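Work through the exercises below with the structure in view, and try each task before reading its solution.

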Amino acid sequence: MRGKNSIFWGIILILGAVVLLVNKMGYLEGISLGTILLNIGLAAILIKGLFRRSFGTILFSLAFLVIVNDELLHLEAITPWPVLGAALLGTIGLDLLFPGFKYGRKFPPRIGNRSHWRSGGTVDCNESNGGVVSFDNVFGSAVKYVSGVVSFVGIDNVFGSMEVYFTDATLLSNNASVTVDLVFGEVTLYVPASWKVERKTENIFASTDESGRAVRDGENVLYVGGSVVFGHLEIVYV
C-alpha cells in the first residue's frame, strides 16, 4: 500500500501540472508562474502543518502566503514585518496556551516494524511524565541539554538554530523517539557514537544528514522523525 506521504505529494504534483497547463492557456494572466508554484508549495506546507498540529508551521506558512499575495489581497499595509511578527507572537502564545496539542499524534512515522506513540502534555523536566521533553525556538539561537531518563523529545524550531545534546541522557528501555518540526532553520542533534539512530524525516526543500563516526555497539536506539521545511537537520555522533 502506498504511504500517505506519497499520495499527498502525488496530489500536489498533479495540481502543479494542472496549474502549468492552465497558466499556458492564459487563464492566469498577470500572475507569474513562479508565484503560482510558490503558492502551491506554501499551501502544501500549510496542510502538513495542520496534520502535524504545528502552530509555527501553520502560522508562518499563512504569513508567507499573505506576503506573496499581498497585492492581490490588498494587504500591503501588513506585509512583510507586521504579519511575520503576528505569526511569531501567535506561535508563542498558542504554544503556551495549548502545550500538549501537537503531541496527541504518532511520533515518529512508522520506521520498519516499530512505531512509538506519545500523548499528553509537554514538560521541561526529563523526570516528569515518563521522560517527555519539549524544546521550542522561534527566531533565535538555542542550546539545549537532555539529561536523565528520556522517552520522547519534541523539537519545534522556526526561523532559528538549535543544538540539542543527548550526551548525558539515558534512554528509557534502551530506546526513545525524537520528533523535529523545523521550518526555515537548522537543528543539530548530538548523540553518543554508540547509539543507533533510525531516521525518517519528511524533507521539503530541505536535507537531513549524519556526521561523525558512529560505533553503534550498544543497545540504545533513537528514532528520529518529523518534518524539515526549508532547513537542515544534522545528527552528529560524538
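**Exercise 1.** In this predicted model, decide whether His74 is buried or exposed, and describe its backbone.

Solution. Begin with the position: His74 lies in the loop between α4 and α5. Next, turn to the backbone, where His74 shows a positive phi of about 55° although it is not a glycine. Finally, the relative accessible area of His74 is 66%, and because exposed means over 50%, His74 is exposed.

**Exercise 2.** Find which residues are joined by a cis peptide bond with omega of about -5°, and place the proline among the helices.

Solution. The bond in question joins Thr79 and Pro80. Pro80 belongs to the loop that runs between α4 (70-73) and α5 (81-97).

**Exercise 3.** Carry out the analysis of Exercise 1 for Ser173.

Solution. Ser173 sits in the loop between β4 (161-171) and β5 (175-183). Its phi is near 55°, which is a positive value in a residue other than glycine. With 60% relative accessibility, Ser173 counts as exposed.

**Exercise 4.** Work out how many residues the largest nonpolar core has, and which element gives the largest share.

Solution. The largest nonpolar core has 27 residues, and those with the most contacts inside it are Val153, Ile155, Phe166, Val178, Leu189 and Leu222. Among the elements that give two or more residues to this core are β1 (132-138), β3 (152-158) and β9 (221-229). The largest share, five residues, comes from β4. A second, separate core has eight residues, including Ala63, Leu84, Ala87 and Val158. In soluble globular proteins, nonpolar side chains tend to be buried together.

Key: Residues are numbered from 1 along each chain as its sequence is written. This is a predicted model: local features need pLDDT of at least 70, side-chain atom pairs count only at pLDDT 80 or more; totals for chains, interfaces and linings use all residues. Side-chain values use heavy atoms; hydrogens and water are left out. Helices (H or I, at least four residues) and strands (E, at least two) are DSSP runs, numbered from the N terminus. Buried means under 20% relative accessible area, exposed over 50%, partly exposed in between (1.4 Å probe, protein chains only). A nonpolar core is a set of buried Ala, Val, Leu, Ile, Met, Phe, Trp, Tyr and Cys residues joined through side-chain atoms within 4.5 Å.
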